Structures are given as C-alpha cells and as structure tokens.
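Me: I should like to learn how to read the features of a protein model. Where should one begin?

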Amino acid sequence: MTHKAVPFDDLDRKIIAALIDNGRASFAEIGTAIGLSATAVKRRVDRLREHHVITGFSATVRPAALGWLTEAYVEVYCDSAAPPRRLAEVVRNHPEIAAAMTVTGGADALLHVRATDVEHFEEVLERIRAEPFIRKTISYMVLSHLLPDSPEAGAQAAAQHGPSK
C-alpha cells in the first residue's frame, strides 16, 4: 500500500519530536511546550495517525537488560529464484531478527540479529542457513556502538529539522 505524502508544518514536526522524546507525554504537556492547546495537539496527532505519519507508539527497551547480549549483522545471499516476500516470511519466524531489509550491492538482504550469547547466535545462523534458497551468509559481530543505538536519535533530528536535502 502506498501513502501520499501529507503536508506538515513546523508545529507537526515539534509534536512528532516531542512524542519521539516521550511517547507518554500528554497532549497538554506537548501543547504547553510548543504553544498549542491540548485539543489542537490532539487534532494534529489524529491527522498524523490517519495519514500514517505516526504509525504507532511503543516502549524502547535496552536489549541487554532482557539478556540479549550478542548482536550481529548478517548479509544474506539468496538463489536468484527467491523473491523478497519469501525472505520476509522466513525472517518473521526468527524472533532473534530485530530488523531485516533488502539491500543493494552483493548481498540480497541484511539482517540485524540479537541473541543471548555466541552459541545462541550460531544456532540462529544455522536455522537461517537451513532455508533451501539461502546460498550463503556473512556475519559481522557488533563490538561496540559508536553512535547511540536508539532509533530515536536520528528520527528526532529529522522530525525537528525536516527531511534532509
């Protein structure tokens, strides 16, 4: 499904940034911070949700606190007959895959995998490799994060400053 770009202004960007910063902030709190009434903020949030600019609200959890101590990126190389929708079906069956996307370059897809330890990661990798259309994988273990590992950091900057040109 495709969505038309919805026009939004600086107040919408401020609302989005406030929600990214604190998804539990009330409309009144956001309104006070940006100079709108709670009702006006609610109307704007409803419109942004209706147009799929805001797609939901969630809690951000530190994976290590839940025991997911090992992190890796896995390049996946498929046989030519493997369409992206088939790969999507496979990755949904692995709860350890935090993100998956098709990519340009040599690999067909890139997986972000979290596991409890190296043995668990190896077991996940074996399950992925067992798929008949996967030709090979190349893994990169994460040693440390050079930038904050929360998606909110990049999203907040984009919401505050608009799309990059």
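Reply: One may begin with the idea of a nonpolar core, which is a set of buried Ala, Val, Leu, Ile, Met, Phe, Trp, Tyr and Cys residues joined through side-chain atoms within 4.5 Å. In soluble globular proteins, nonpolar side chains tend to be buried together. Please note that the model shown here is predicted. Its largest nonpolar core has 19 residues, and those with the most contacts inside it are Val74, Val76, Leu111, Val113, Phe121 and Phe133.

Me: Which elements give two or more residues to this core?

Reply: They are S1, H4, S3 and helix H5, the last of which spans residues 118-129. A second, separate core is made up of 10 residues, including Ile15, Ala25, Val41 and Leu48.

Me: What is Leu111 in contact with, apart from its neighbours within four places in sequence?

Reply: With those neighbours left aside, the partners of Leu111 are Ala72, Tyr73, Val74, Val76, Val91, Ile97, Ala99, Ala100 and Ile128.

Me: How should one read a helix that contributes to a core?

Reply: An α-helix has 3.6 residues a turn, so residues three or four places apart point the same way. In helix H4, residues 84-91, the residues Leu87, Val90 and Val91 are buried. Seen down the axis of H4, the buried residues fall within an arc of 90 degrees, so they line one face of the helix.

Me: What covers the buried residues of H4?

Reply: The cover includes four strands: S1 (70-78), S2 (97-102), S3 (109-115) and S4 (134-141).

Me: Is Arg114 buried or exposed?

Reply: The cut-off for a buried residue is a relative accessible area under 20%. Arg114 has a value of 17%, so it counts as buried. This residue belongs to strand S3. The side chain of Arg114 makes a polar contact with the side chain of Glu71, at 3.4 Å. Residues up to four places away in sequence not being counted, Arg114 touches Pro63, Trp68, Thr70, Glu71, Glu96 and Ala98.

Me: What may be said of the aromatic rings?

Reply: The count of aromatic pairs is 0. A charged side chain may nevertheless sit over a ring: Lys136 lies over the face of Tyr77, at 4.7 Å from the ring centre.

Me: How does one describe the chain as a whole?

Reply: One lists its elements in order and then considers burial and contacts. The chain has 6 helices and 4 strands, and from the N terminus the order is α-α-α-β-α-β-β-α-β-α. Of its 165 residues, 31% count as buried. Among contacts between residues at least 6 apart in sequence, 69% join residues at least 24 apart.

How values were computed:
Residues numbered from 1 in each chain as written. Predicted model: local features only at pLDDT ≥ 70, side-chain atom pairs only at ≥ 80, totals over all residues. Heavy atoms only, no water. Buried < 20%, exposed > 50% of the residue type's maximum accessible area, 1.4 Å probe, protein only. Arc of directions from axis to C-beta. Contact = heavy atoms within 4.5 Å. Polar contact = N/O pair within 3.5 Å; in protein donor to acceptor, adjacent residues only side chain to side chain. Phe/Tyr/Trp six-rings, centres within 6.5 Å; stacked < 30°, edge-to-face > 60°. Lys NZ or Arg CZ within 6 Å of the ring centre and 35° of its normal.
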